[in-house]
Amino acid sequence: MNRSMYTKHIPVKRFGQNFLKNKIIINKIIQKMNLSKFDYIIEIGPGLGALTFPICDIVDKITVFEIDENIIFFLLCHQYNEKMNIILTDVMQFDFRYFFSLKRGVLYRLVGNLPYNISVCFFFKMIICNLHIHDMHFMFQKEVADRLLANPGNKEYGKLSVIAQFFYKIKPITTVDKFDFFPTPKIDSVFLRFIPYTNKYNKYDIERYFFAIELITRTAFQHRRKLLKNNLSKMFSETLLLKLDIHLFSRAENVSVHQYSLLAKNFLKLYK
Ligand code: SAM
């Protein structure tokens with residue numbers, strides 16, 4: 001990246017602008033993404049192009065979504081502007097399902113050093129678009145990555161872990177030191193790969209499954225220290241919990257993702 005850009009652009013805090021600056025990390029990320037020329041790439045928040053331009057070295061086209069008009073102007077002036085389909089928008093307001101439906105049969109590859117203030121909400125927003133997604137590579141602050149990857153019994157294990165691991169196979173690609181960003185954030189980050197599961201539910205049921213698992217985990221983890229059977233007493237009988245091999249003395253944090261997925265399945269049967 002052109003170093004002078006750092007001095008010309010004043011990072012905007014409300015847009016979570018912590019730009020990647022370590023070339024070694026950038027190269028590692030690009031290499032691990034295993035890109036090919038004809039991939040349909042979508043980048044969330046290209047910023048000053050730390051990932052965008054090396055991606056443009058490999059692929060024919062990339063669609064980038066950016067909220068900051070100054071950055072849009074910078075991208076439009078860049079030599080790679082013909083490769084970039086640049087969309088000025090707030091990704092939290094954007095209708096991705098409509099966008100994805102415009103090209104039938106295409107599976108998109110998403111990438112983003114996500115702005116920390118919207119990262120989890122954006123991640124949730126993408127779940128119902130899984131039908132159109134081949135994989136996603138996102139940077140999360142380490143504490144969020146720990147929650148995404150946590151196993152039962154761990155204090156980080158919660159609603160986010162269950163939802164993420166229900167819908168995706170998740171693999172950490174690399175940790176990224178806070179000093180690899182400009183300006184330097186308070187904590188380190190982790191770059192993760194998400195591959196949507198396609199065989200866990202009927203693909204047309206994804207919205208219903210998301211609704212069910214979100215509701216169940218939100219209710220289950222609302223009072224972590226209480227017994228699960230009490231937290232979920234309005235939804236499931238003790239008989240059903242036992243049938244699903246969920247011990248009546250279990251707390252939300254001791255129940256596996258598989259068991260939550262059985263709860264979701266039963267919830268959808270019970271409340272058709
Ligand atoms: N990809 C660049 C990098 O790695 O250096 C920039 C990453 S920076 C953490 C996040 C980027 O997302 C910024 O360019 C920011 O302006 C953009 N952004 C923040 N909120 C956004 C939103 N709601 N919609 C679209 N882009 C957003």
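**A ligand and its surroundings**

In this predicted model, a backbone N or O atom of G47 lies 3.3 Å from an oxygen atom of the ligand, which fits the definition of a polar contact as a pair of N or O atoms within 3.5 Å. An oxygen atom of the ligand is also 2.8 Å from a polar backbone atom of L20, and a polar side-chain atom of N113 lies 2.9 Å from a ligand oxygen. Of the 590 Å² of accessible area that the ligand has on its own, the protein covers 98%, where accessible areas come from the Shrake-Rupley method with a 1.4 Å probe.

Residues are numbered from 1 along each chain as its sequence is written. Local features need pLDDT of at least 70 and side-chain atom pairs count only at pLDDT 80 or more, while totals for chains, interfaces and linings use all residues, and side-chain values use heavy atoms, with hydrogens and water left out.

Around the ligand stand 22 residues, the closest being Q17, L20, G45, E66 and D90; a residue counts here if one of its heavy atoms lies within 4 Å. This shell divides into 11 nonpolar, 7 polar and 4 charged residues, with Gly counted as polar, and Asp, Glu, Lys and Arg as charged. The elements that give two or more residues to the shell are β1 (19-20) and β3 (62-66), strands being DSSP runs (E) of at least two residues, numbered from the N terminus, and helices runs (H or I) of at least four.

On a wider view, the end C-alpha atoms of residues 25-198 lie 31 Å apart, and this span is 32% helix and 28% strand.

Terms used: Polar contact = N/O pair within 3.5 Å; in protein donor to acceptor, adjacent residues only side chain to side chain.
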